[in-house]
Amino acid sequence: NAGSLLPVVGQELRVPLVGGGEARYANLDYGATAPALATVAERVTRVLPYYGSVHRGSGLPARVSTALYEQSRQALARFLGARADDEVIFTRNTTDALNLLAGAVPEGAGDVLFLDSEHHANLLPWRRRAHRAVAFAPTLELTLGRLRDALAAGPVALVAITGASNVTGELLPLERIVALAHGAGARVVVDAAQLAPHVRVDLEALGADYIALSGHKLYAPYGAGALVGRRDWLDAAAPHLAGGGAVREVTWEGTEWHDGPARHEGGTPNLLGAVAIAEACNTLDALPAGALEAHDHSLRELLLARLERLDAVRVARIWADSSAAIGTVAFAVEGYAPAHVGAYLSAEHGVGVRDGRFCAHQLLGRLGLPGGALRASFGVGTSADDVERLAEAVERLVREGARRDYAPGPDGWAP
Ligand code: PMP
């Protein structure tokens with residue numbers, strides 16, 4: 001796939017088209033889950049023969065696995081610019097990481113604040129705590145003003161904020177939000193599920209207290225994510241997963257839990273998930289500074305220029321004054337349900353996007369898209385050709401229309 005930034009697995013996948021023929025699959029759904037980097041696939045294959053029980057065996061594979069697991073923690077910490085005393089806890093994904101932190105906010109420390117534009121993963125866990133949802137305003141400036149007012153209105157323990165919208169791709173001014181929160185004595189957790197694959201994060205420079213991410217959006221396969229940040233709340237919290245590995249000593253009288261990441265990582269750890277994340281971090285780290293951002297920017301501009309020419313297409317945006325965004329674009333096509341457009345793009349053109357409400361029901365409602373939208377999202381394996389195929393397909397839909405009866409499934413087609 002010429003013009004992509006890095007090779008990913010499945011880049012040359014061919015898919016059948018309705019009415020015969022086939023096409024190279026144009027994956028424009030990185031925001032949901034990103035394909036594994038080729039380097040990640042190679043690394044996982046190389047580690048697989050040494051696969052053993054982490055922290056639990058005396059054979060060589062178990063020792064190698066334990067070392068690799070801990071090295072993976074360090075690689076992730078380096079990639080994120082974590083402070084020396086930050087804790088790196090491997091979780092299942094971002095959802096798991098944010099739920100873990102929701103269980104660790106000290107009782108009585110104040111409310112948790114979040115915007116109503118958040119993904120459900122950074123909204124629903126906080127509803128279990130004393131919380132306040134802040135309604136986003138039409139501009140970022142006004143929205144920051146609302147956050148400032150909410151911080152002044154009573155004690156706040158934590159501000160939970162996404163780094164980049166999973167719907168529109170718009171970036172949040174994190175430095176300013178951290179300064180506001182810290183000025184009011186509150187901590188900040190950044191939901192970096194979308195941010196980390198697109199923008200280099202330096203946790204120490206940013207000053208945010210916690211960051212949560214998913215390996216599967218960061219070019220590693222499913223199953224592992226992380227929560228990284230200040231250890232005091234985490235070491236004082238009840239274990240996220242009570243069980244083997246999380247304890248120092250168990251008697252009938254009581255349980256002595258570990259401090260550190262082990263406290264929250266009960267059960268056999270996901271070695272391959274951790275190794276995959278570490279390799280993805282190392283590969284992204286080796287890119288020249290600004291390469292990820294430049295790749296995103298050119299693809300985004302290409303798509304926006306084409307879509308904005310079409311009267312029947314509306315591109316969604318949250319804030320009138322936001323100026324930066326990752327390679328994610330949400331749009332609606334007048335007269336067509338998003339699911340229908342998604343089926344058309346797949347069946348007729350071999351283009352994969354996401355349709356629906358993107359786990360952000362409140363946001364879609366407030367954007368005037370209660371029935372959902374389409375989302376094209378790019379990554380390192382995306383080329384200008386992929387984006388042009390999407391643009392041409394949408395242009396054709398607007399010009400010529402589409403049938404209404406695409407098969408919902410793959411019609412028995414499987415690897
Ligand atoms: N936050 C954001 C901004 C996301 O886009 C997503 C995934 N769509 C999540 C959190 C949740 O990630 P996961 O499903 O991997 O837990």
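The following paragraphs lead through a predicted model, from the annotated domain to two helices, a buried strand residue, the ligand surroundings and two unusual backbone angles.

The UniProt record, in an unreviewed entry, places the feature "domain: Aminotransferase class V" at residues 27–390. Over residues 27–390 the chain is 36% helix and 17% strand, and the C-alpha atoms at the two ends of this stretch lie 10 Å apart.

Helix α5, which spans residues 174–183, offers a starting point in the chain, with Leu174, Ile177, Val178, Leu180 and Ala181 as buried residues. These residues lie on the same side of α5, because the arc they cover around the axis is only 165°. On the face turned away from that buried side, α5 carries the exposed residues Glu175 and Gly183. As for what the buried side meets, the buried residues of α5 pack against helix α4 (140–152), strand β7 (156–162), strand β8 and helix α6 (203–206). Just after α5, Gly185 takes a positive phi of about 80°.

Strand β8, one of the packing partners of α5, covers residues 187–191 and includes Val190. Is Val190 buried or exposed? Val190 counts as buried, because 29 C-beta neighbours lie inside 10 Å, where 20 or more are needed for that class. Once its neighbours within four places in sequence are left aside, Val190 is in contact with Ile161, Gly163, Leu174, Leu195, Ala208 and Ile211. One of these contacts, Leu174, is itself among the buried residues of α5. Asp386, by contrast, is 196 residues from Val190 in sequence, and the two C-alpha atoms are 30 Å apart in space.

Helix α9 can be read in a similar way. It runs over residues 291–307, has 17 residues, and reaches 25 Å from its first C-alpha to its last, close to the 24 Å expected at 1.5 Å a residue. The buried residues of α9 are Leu292, His295, Asp296, Leu299, Arg300, Leu303 and Leu307. Because they cover an arc of only 120° around the axis, these residues are on the same side of α9. The face turned away from the buried side carries the exposed residues Ala294, Glu301 and Ala305. What, then, do the buried residues of α9 pack against? Their partners are the helices α8 (271–285) and α12 (384–400), together with the strands β13 (313–315), β14 (328–333) and β17 (373–377).

The surroundings of the ligand comprise 14 residues, of which Asn93, Thr95, Asn166, Ala193 and Ser214 come nearest. By residue type, this shell divides into 10 polar, 3 nonpolar and 1 charged.

Two further residues have a positive phi without being glycine. His55, whose phi is near 65°, is found in the loop between α1 (38–47) and α2 (60–80). Phe358, with a phi of about 55°, is found in the loop between β16 (354–356) and α11 (361–366). Although each residue sits in a loop, their surroundings place them in separate classes: His55 is partly exposed, because 15 other C-beta atoms lie within 10 Å, while Phe358 counts as buried, because 24 C-beta neighbours lie inside 10 Å.

Notes:
Residues numbered from 1 in each chain as written. Predicted model: local features only at pLDDT ≥ 70, side-chain atom pairs only at ≥ 80, totals over all residues. Near = placed C-beta within 6 Å. Nonpolar A, V, L, I, M, F, W, Y, C, P; charged D, E, K, R; others polar. Helix = DSSP H or I, 4+ residues; strand = E, 2+ residues; numbered from the N terminus. Expected span 1.5 Å × (residues − 1). Buried ≥ 20, exposed ≤ 12 C-beta atoms within 10 Å, placed from the backbone. Arc of directions from axis to C-beta. Contact = placed C-beta atoms within 7 Å. UniProt positions renumbered as here; feature names shortened; annotations may be inferred.
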